[in-house]
Amino acid sequence: MEPGDAARPGSGRATGAPPPRLLLLPLLPLLLGWGLRVAAAAAAAASASSSGAAAEDSSAMEELATEKEAEESHRQDSVSLLTFILLLTLTILTIWLFKHRRVRFLHETGLAMIYGLIVGVILRYGTPATSGRDKSLSCTQEDRAFSTLLVNVSGKFFEYTLKGEISPGKINSVEQNDMLRKVTFDPEVFFNILLPPIIFHAGYSLKKRHFFRNLGSILAYAFLGTAVSCFIIGNLMYGVVKLMKIMGQLSDKFYYTDCLFFGAIISATDPVTVLAIFNELHADVDLYALLFGESVLNDAVAIVLSSSIVAYQPAGLNTHAFDAAAFFKSVGIFLGIFSGSFTMGAVTGVVTALVTKFTKLHCFPLLETALFFLMSWSTFLLAEACGFTGVVAVLFCGITQAHYTYNNLSVESRSRTKQLFEVLHFLAENFIFSYMGLALFTFQKHVFSPIFIIGAFVAIFLGRAAHIYPLSFFLNLGRRHKIGWNFQHMMMFSGLRGAMAFALAIRDTASYARQMMFTTTLLIVFFTVWIIGGGTTPMLSWLNIRVGVDPDQDPPPNNDSFQVLQGDGPDSARGNRTKQESAWIFRLWYSFDHNYLKPILTHSGPPLTTTLPAWCGLLARCLTSPQVYDNQEPLREEDSDFILTEGDLTLTYGDSTVTANGSSSSHTASTSLEGSRRMKSSSEEVLERDLGMGDQKVSSRGTRLVFPLEDNA
Amino acid sequence: MERQSRVMSEKDEYQFQHQGAVELLVFNFLLILTILTIWLFKNHRFRFLHETGGAMVYGLIMGLILRYATAPTDIESGTVYDCVKLTFSPSTLLVNITDQVYEYKYKREISQHNINPHQGNAILEKMTFDPEIFFNVLLPPIIFHAGYSLKKRHFFQNLGSILTYAFLGTAISCIVIGLIMYGFVKAMIHAGQLKNGDFHFTDCLFFGSLMSATDPVTVLAIFHELHVDPDLYTLLFGESVLNDAVAIVLTYSISIYSPKENPNAFDAAAFFQSVGNFLGIFAGSFAMGSAYAIITALLTKFTKLCEFPMLETGLFFLLSWSAFLSAEAAGLTGIVAVLFCGVTQAHYTYNNLSSDSKIRTKQLFEFMNFLAENVIFCYMGLALFTFQNHIFNALFILGAFLAIFVARACNIYPLSFLLNLGRKQKIPWNFQHMMMFSGLRGAIAFALAIRNTESQPKQMMFTTTLLLVFFTVWVFGGGTTPMLTWLQIRVGVDLDENLKEDPSSQHQEANNLDKNMTKAESARLFRMWYSFDH
């Protein structure tokens, strides 16, 4: 009655596969039940007789064989891992060659995919397809699976652990080729091992002042944009699916929720290739920040969105109709998971900051690095254990760590943590991309449907367009420093798909619809990484995007407020101010962050004793670290140095003087570091400027600008 | 109905993963605590407790809590199901439970008497790792780091003595411990504590070989901090590193010693086969490790990879890891391969790396070593309470304590005497006492013992090993500083000053040659190797 027990009694070890390690066991119909004796299925008994009789004489030998098999399986695991590692080694060497020759049309991730493809072809067609696995069944009256299983085999007890569920239709096609089976990883590996370092690294390297300057736009692109793109892609794909149904090309069910799910997973953009080129060519920093910020937050939104679409389960019989209650429940889940993960990540980041602040751990960089690593990892685990999304939590943890903890670390730990996560990120990313290449051939359940694939390509471009242009239009209404047309085109162009879309798609490949989605996602990733990634350099020059902006020439990041004024001249200064006026929430947050959070959590910022009201002076003194007072001098030095070099910006100063008092906090808003401390003494500044305008004596201004800090509040 | 059951099983699976996260979280939490405590200790310059000791203490406390404070939830397991049709165990099992097919993977064999305790506490069950994790994940970075930091000219100066201690010494210690333990086992059988025929001589030898792996991390950390005499440091460190490799291979060859007829009688053919195995595996792993390191050295030499430190670090890491994997795939011992890979990398590749990569690789492996080591020690503490099949046997434990001291003495004193005959720069008595004292047991002994805990003798060994590790790490590790002053060993030798004297390797070599001349006369083989190498 069960499909699997047919198997093949004849293909025992006698005839076995050529290499002994691929030696397969004869089929094993086996019966299990916990607490219940169940009669053997008739079919099972029948097919068992042949193998059973043969095996009885040599049961000792067979035990040995099992032991050996376990050993063999370990050996094969090693071989498959070795394959990947050699692939990565090759990738590294080739990339070195490319970088050395300054070839930019192929990024390392693209290369990793190519090597993965080649090995996939070899594995697919070069290894002998060994015969089917033993299929064994038993039915019991138990209605659930256990995580461990004890089986009594002729007096010996064996322990089995649950590996996964197999959809009933697939029993017969459970992997035939042993080697292919070995190189197929459990999809959860991506979520639990490979993605966290990538995402954490992204969050950790977000500490760019340009990111915070464009925060509003980035958030708009990430949240609204992802939602828009998800819906548009979902709807377009639904049309395509309907079309396929009419043409009779659909062999299984494909619901509207499936389309939306596809929209959600494919909305996760991952322009690593483009960003790497931008970084190398020093393309416009604002564009870089917009793209990078969008892609990072975007991933988080897409993960949560896809899991809440999966959770959408209307009550009643028709499980795929629209149901308002279920819909709102999904929205609730989205908000709950997102805010939960956000809180979790931020809280652990804050705890780490406090721990590193109040202990003198920085005398021992190794301990500090280890603590940092463990705390960040705990975030992931904690979020997973509480049912939130670990990857999202890790992202926000990374941002918080960069914003606060980073300032408390010793110099050595800073470089250590950066380098550690850089290496982890590099390895994990290339691993995923080479696995993608491999998966195109080794994954066994591909469903290629040309119409669906073409539809998906059209949909992602339309989705991207419908997301970038209208949102940019609305944002430009509010922004003074407009997002130019060439920037918009470039952002439209950079809609690459990468690791996140792949990981989301491979997570569940049980149903027909999901398999089709997986195949399509894989092809989209290939296409976008190779073609679009390769076309970045020509595109940049075609769109006349400023290249070679040297971020090092900009003043050091802790002088943000001035950087704004200096970098783009008076025009942008005005632009920023008006923008910030509209974004008063951000402004409030910044001043709060700067005046209270930074001093509480880190060694930098103004001493709390000055920012907090007098009545909590005791508390403030407890929380202020002694270094803050020590830091006063050097910081001021830096400021004065800075001003010396910025002497030629009189015009700019004049411009801001007009509203100096009003804008003092708005400058604060645009800063993320100590630089703004200076701005707070803006009344002095006005005075200073009046004096300074007169004589243009830069040096004297520079020194005189150094005023003792005063309470801003 | 179908959907409901599906949801349920999904929930079950969710529970399953969620549990995994919680376990890891417990370990993370323990490690964070350890780090903070250690910082406190280091800050106040307490030297009596090393971080590994601290990790064990926290592990113990956590184990105690888990054992006695959690409600003993039964794993839902009633009777073990008998499978009539199944005559041996397949590697994968498909189980059909009300139309859902689940795949089960073969985990291990469980012996008869272990089945009942198996149905104990679900949480304790969860907190137990697969022992192979130690060999495949945690030990390689530790061992590689040890090999990678061996690049000390003192190591090569004392190479002869170190090899003698590591090879001959381990063999002696294995045999002595085995013999003493066999005596105790016989006594136990007389006393009626053990059934005759359970505990064979090969088991005793097995115990001897796993107990021979010394791991004086605590002592070495203190030496390092106090700048103890570099010769002593190198002798101890080199011995402990190579020792591990020898012990691992020795344990493996003893466990596959299986004479034809009577499985535990002496059989010359099987014995020589075991010896052959030992040599083969050792040489194979050595060759594999060195080969990978040489490939790395050549690659880093002939490409200009040093322009991109990140790529270089990545390559270095990947190739060192592939040494481990290829050795495992070829049926050799990955850990030994990784050790020699580390030594060779330090000797050759290290010179080709950019200065940025030198720091990066050092820091990366230092970090991994730190984490892995503390995880293992933490787990040891935990295992004392969470491991469910402990067999405490007072006589055996007593015997083991006695045996390791006697064996350590038999290893150090006679060998030192013999070596002193050939060495110009003698190993003085106080060094010998210190080496005798530093016979701590650690991660390797534990990992070897936990690998197989099926039969009763193996469980007894595991329990004993655990107790020995605790005792040696806490008592000996804590007693190092007093011992050093008592034995009047030179402290505060500034290594950096020595190193500065000979900055270039050329110079250093010349210097060494001077100093080595007399010593090297006896060690012609090594001298030849040096000139070839140089």
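Contact here means that heavy atoms lie within 4.5 Å. The model shown in these views is predicted.

**Figure 1. Helices α17 and α18 of chain B pack against each other.** In chain B, helix α17 covers residues 443–451 and helix α18 covers residues 456–478. Their axes come within 9 Å and cross at roughly 165°. Because angles over 145 degrees count as roughly antiparallel, α17(B) and α18(B) are roughly antiparallel to each other. The crossing in which α17(B) passes α18(B) is left-handed. On the side of α17(B), the residues that take part are B:Ala445, B:Phe446, B:Ala449 and B:Ile450. They meet B:Phe462, B:Thr465 and B:Leu466 in α18(B). In general, an α-helix has 3.6 residues a turn, so residues three or four places apart point the same way.

**Figure 2. Helices α5 and α14 of chain B cross at an angle of about 130°.** Helix α5 comprises residues 132–148 of chain B, and helix α14 comprises residues 355–386. The two axes are 8 Å apart. The helices α5(B) and α14(B) are therefore oblique to each other, and their crossing is left-handed. From α5(B), the contact is made by B:Phe134, B:Leu138, B:Leu139, B:Pro141, B:Ile142, B:Phe144, B:His145 and B:Tyr148. The residues of α14(B) in this contact include B:Phe365, B:Met368, B:Ala372, B:Val375, B:Ile376 and B:Tyr379. Also among them are B:Thr361, B:Lys362, B:Glu366, B:Asn369 and B:Glu373.

**Figure 3. B:Phe324 is a buried residue of helix α12 in chain B.** Helix α12 spans residues 309–329. The relative accessible area of B:Phe324 is 3%. When residues up to four places away in sequence are not counted, B:Phe324 touches B:Phe135, B:Asn136, B:Pro140, B:Gly334, B:Ile335 and B:Val338. From C-alpha to C-alpha, B:Phe324 is 38 Å from B:Arg45, and the two are 279 residues apart in sequence.

**Figure 4. Helix α9 of chain A is mostly covered.** This helix runs over residues 272–281, and 7 of its 10 residues are buried. The buried residues are A:Val272, A:Thr273, A:Val274, A:Leu275, A:Ile277, A:Phe278 and A:Leu281. Their cover includes several helices of chain A: α3, α10 (285–310), α14 (411–442), α16 (485–493), α18 (512–534) and α19 (536–542). After α9(A) comes A:His282, whose phi is positive, near 55°.

**Figure 5. A:Thr109 is buried in helix α3 of chain A.** Helix α3 extends over residues 108–126. A:Thr109 has a relative accessible area of 0%. Leaving aside residues up to four places away in sequence, A:Thr109 touches A:Val272 and A:Thr273, which are buried residues of α9(A). A:Thr109 also touches A:Glu429, A:Asn430, A:Phe433 and A:Val529.

**Figure 6. Two loop residues of chain B have positive phi values.** B:His227 is a residue other than glycine with phi near 55°. B:His227 lies in the loop between α9 (217–226) and α10 (230–255) of chain B, and is partly exposed at a relative accessible area of 35%. B:Gln488, which is not a glycine, has a positive phi of about 55°. The loop that holds B:Gln488 joins α19 (480–486) and α20 (495–501) of chain B. B:Gln488 counts as exposed, at 66% relative accessibility.

**Figure 7. Cysteines of chain B are shown without disulfides.** The structure holds 0 disulfides over all chains. A disulfide is a covalent bond between the sulfur atoms of two cysteines. The cysteine sulfur closest to that of B:Cys410 belongs to B:Cys174 and is 13 Å away, which is too far for a bond. B:Cys410 is partly exposed, with a relative accessible area of 29%, whereas B:Cys378 is buried, at 0%.

**Figure 8. Chain B as a whole, with the stretches where pLDDT stays under 50.** Chain B has 22 helices and 3 strands, and 58% of its 534 residues are buried. Of the contacts in chain B with a separation of 6 or more, 83% are between residues 24 or more positions apart. The mean pLDDT of chain B is 78, and 75% of its residues reach 70 or more. Over residues 1–12, pLDDT stays under 50, and the model has 9 contacts beyond four places in sequence for them. Over residues 75–79, pLDDT also stays under 50, with 12 such contacts. Where pLDDT is low, the predicted coordinates should not be read in detail. For the complex, the predictor gives an ipTM of 0.82 and a pTM of 0.77.

Technical notes: Residues are numbered from 1 along each chain as its sequence is written. Chains are lettered from A and ligands numbered from 1 in the order in which they are written. This is a predicted model: local features need pLDDT of at least 70, side-chain atom pairs count only at pLDDT 80 or more; totals for chains, interfaces and linings use all residues. Side-chain values use heavy atoms; hydrogens and water are left out. pLDDT is the predictor's confidence in each residue, from 0 to 100. A disulfide is a pair of cysteine sulfur atoms within 2.5 Å. Buried means under 20% relative accessible area, exposed over 50%, partly exposed in between (1.4 Å probe, protein chains only). Axes are lines fitted to C-alpha atoms, for helices over the stretch in contact, and angles run from 0 to 180 degrees between N-to-C directions. Helices (H or I, at least four residues) and strands (E, at least two) are DSSP runs, numbered from the N terminus. Angles under 35 degrees count as roughly parallel, over 145 as roughly antiparallel, 65 to 115 as roughly perpendicular and the rest as oblique. A crossing is left-handed if the near helix is turned anticlockwise from the far one by less than a right angle, and right-handed if clockwise.
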